[in-house]
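Here are my notes on this model, for when you next have it open. They go from the chain as a whole to two helix pairs and then to single residues.

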Amino acid sequence: VTVAVVLAGSYAFVLNGHVTGIAIPAIAADLGHDSALGIDWVVTTFLVGVVLVLPVTGWLAESFGRPRVITSALALFAVGCLICMAAPTLEVLLVGRFFQGFGGGVLLPLGMASVYDALPPERRGKALGVWGVAMTVAPAAGPPVGGLVVAVAHWRWLFIGFFVVAVVASVLTHRLIPDGGDRAFRRLDVAAWGLASAGVASIVVGAREVNAWGLTSMRSLAAVVIAAITLPAFAIRTHRSSRPLIDVGMYRVPTFAIAMAVISAVGVAQFARINLVPVELQVVRSLPPERVGLLLVPAALGIAITMPLGGWLVDRFGARLPVTIGACFAALGSLLIARLSFDGPVVDVIVAVIAQGVGNGLMIVPSTIAALNSLPRQFVSQASGVNELTRQLSGALGVAVLSAIIVGRLGS
């Protein structure tokens, strides 16, 4: 029951991210011409909301309980959907996108923590693998469904659907999910949250906008300076605190540190595929959105097939074997993507994204299980938030670096 209920909200959040990317050209045609902001802020604002709430995910769960936090997060996500649905301007849409990100940002880490705590150690890998399969249905279904809705109806209908799912999931969470995990209310370290928020937001915004601003522009340099000052200050403050917002001592556990490095690599590959491959297919090859969505389905199916296998393997043999095999497949997929030519056959794209999807699927669950198992139980909610924050930041930085390389080679 816990897995099914948690899945509903998490599914809406993940599906939202993949559907909106396909709808951006249509949103730009309706709202972008009257705004001084670039249409790329539709994604950037959402990501800023996500990374701002992730540092306090553990504190929220420990202070108020996971079911209450998830219910409130779904309600805020639903409010964001309503704002986006009715937005008359791009600026109003961005407000809704921020609410979606800030509300939905806790759903994946707390959903993962709820599933992890609900089962004994020998069944956690299999359960998270099954949960992960359902999560990959969103990337698989998102692009084709989003492209179809945009083509035959209107992009606003996407947010109507998200609103309905969020409301239903909120009600089910309130009624059915038991309150698990350790509860220990403590005062929020607002200064620490402010430092973490400034640092991670500057990374996300700078990474997303560096190509538009210019690598040596004042805004790009300001983002680097802010992150360079606030994140070390945050680490120092949390190290000195008896009840830190995020216990950076987790990174002194070798298994946890290695697992976060693996998650970072997966985040770079996954976000690059999601953000850059569709652009290449639509802009360079002039393929329609619905066909682009179908071409990206095999990558999600590759993850869906191998995530349960990765969970099964980690339950029986530990994390090393599936992570090693997965890394080989992911490296092969990345190499194939790097060797794609603009006039090459579409089948080359399909093979490349399948290989990368298979590799990511084998690595995600084992590395997550290894990270959570290496820490005491009271760190599960906090570590789950750090896991998701690591994935988001590494993905943003990876996309920024790869975009800069592409712009540098193509000139535009």
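1. A word on burial to begin with: buried means under 20% relative accessible area, exposed over 50%, and partly exposed in between, using a 1.4 Å probe and protein chains only. Ser202 counts as buried because its relative accessibility is 10%.

2. Some ground rules. This is a predicted model, where local features need pLDDT of at least 70, side-chain atom pairs count only at pLDDT 80 or more, and totals for chains, interfaces and linings use all residues. Residues are numbered from 1 along each chain as its sequence is written, and side-chain values use heavy atoms, with hydrogens and water left out.

3. The chain overall. Its secondary structure comes to 15 helices and 0 strands; helices (H or I, at least four residues) and strands (E, at least two) are DSSP runs, numbered from the N terminus. Of the 412 residues, 54% count as buried. Contact here means heavy atoms within 4.5 Å. Taking contacts between residues at least 6 apart in sequence, 85% join residues at least 24 apart.

4. Helix α4 against α5. Helix α4 (residues 66-86) packs on helix α5 (residues 90-104) at an angle of about 165°, and the axes are 7 Å apart. Axes are lines fitted to C-alpha atoms, for helices over the stretch in contact, and the angles run from 0 to 180 degrees between N-to-C directions. The pair is therefore roughly antiparallel (angles over 145 degrees count that way, under 35 as roughly parallel, 65 to 115 as roughly perpendicular and the rest as oblique). The crossing of α4 and α5 is left-handed, in the sense that the near helix is turned anticlockwise from the far one by less than a right angle; clockwise would be right-handed.

5. What sits between those two. From α4 come residues including Ala73, Leu76, Phe77 and Cys84, and they meet a set in α5 that includes Val92, Leu93, Phe99 and Gly104. By class, the contact of α4 with α5 has 12 nonpolar, 5 polar and 1 charged residues. For the classes, Ala, Val, Leu, Ile, Met, Phe, Trp, Tyr, Cys and Pro count as nonpolar, Asp, Glu, Lys and Arg as charged, and the others, Gly among them, as polar.

6. Helix α4 against α8. α4 also packs with helix α8 (residues 156-176), at an angle of about 160° and with axes 8 Å apart. α4 and α8 are therefore roughly antiparallel to each other, and their crossing is left-handed. Among the residues making the contact are Pro67, Ile70, Leu74 and Met85 of α4, and Phe159, Phe163, Val167 and His174 of α8. The residues of the contact of α4 with α8 divide into 18 nonpolar, 4 polar and 1 charged.

7. Cys84 and Thr173. Which residues does Cys84 touch, leaving aside its neighbours within four places in sequence? They are Leu93, Gly96, Arg97, Gln100, Trp155, Arg156 and Phe159. Cys84 is in helix α4 and counts as buried, at 0% relative accessibility. The C-alpha atoms of Cys84 and Ile160 are 9.0 Å from each other, with the two positions 76 residues apart along the chain. Over in α8, Thr173 is buried too, with a relative accessible area of 1%. With the same neighbours within four places set aside, Thr173 is in contact with Val5, Pro67, Ile70, Thr71 and Leu74.

8. Back to Ser202. Ser202 lies in helix α9 (residues 190-213), and its side chain reaches the backbone oxygen of Gly199 at 2.7 Å. Not counting residues up to four places away in sequence, Ser202 touches Ala207, Ala223, Ile226 and Ala227.

9. Ala383. This residue lies in helix α15 (residues 380-410) and counts as buried at 1% relative accessibility. Ala383 and Ala113 are 270 residues apart in sequence and 8.8 Å apart in space, C-alpha to C-alpha. Beyond the four nearest places in sequence, Ala383 touches Met250, Phe256, Leu372 and Leu375.

10. Buried or exposed: where does Arg68 fall? At 54% relative accessibility, Arg68 counts as exposed; its place is in helix α4. Ala28, found in helix α1 (residues 2-31), is partly exposed at 24%.

Definitions and conventions. Polar contact = N/O pair within 3.5 Å; in protein donor to acceptor, adjacent residues only side chain to side chain.
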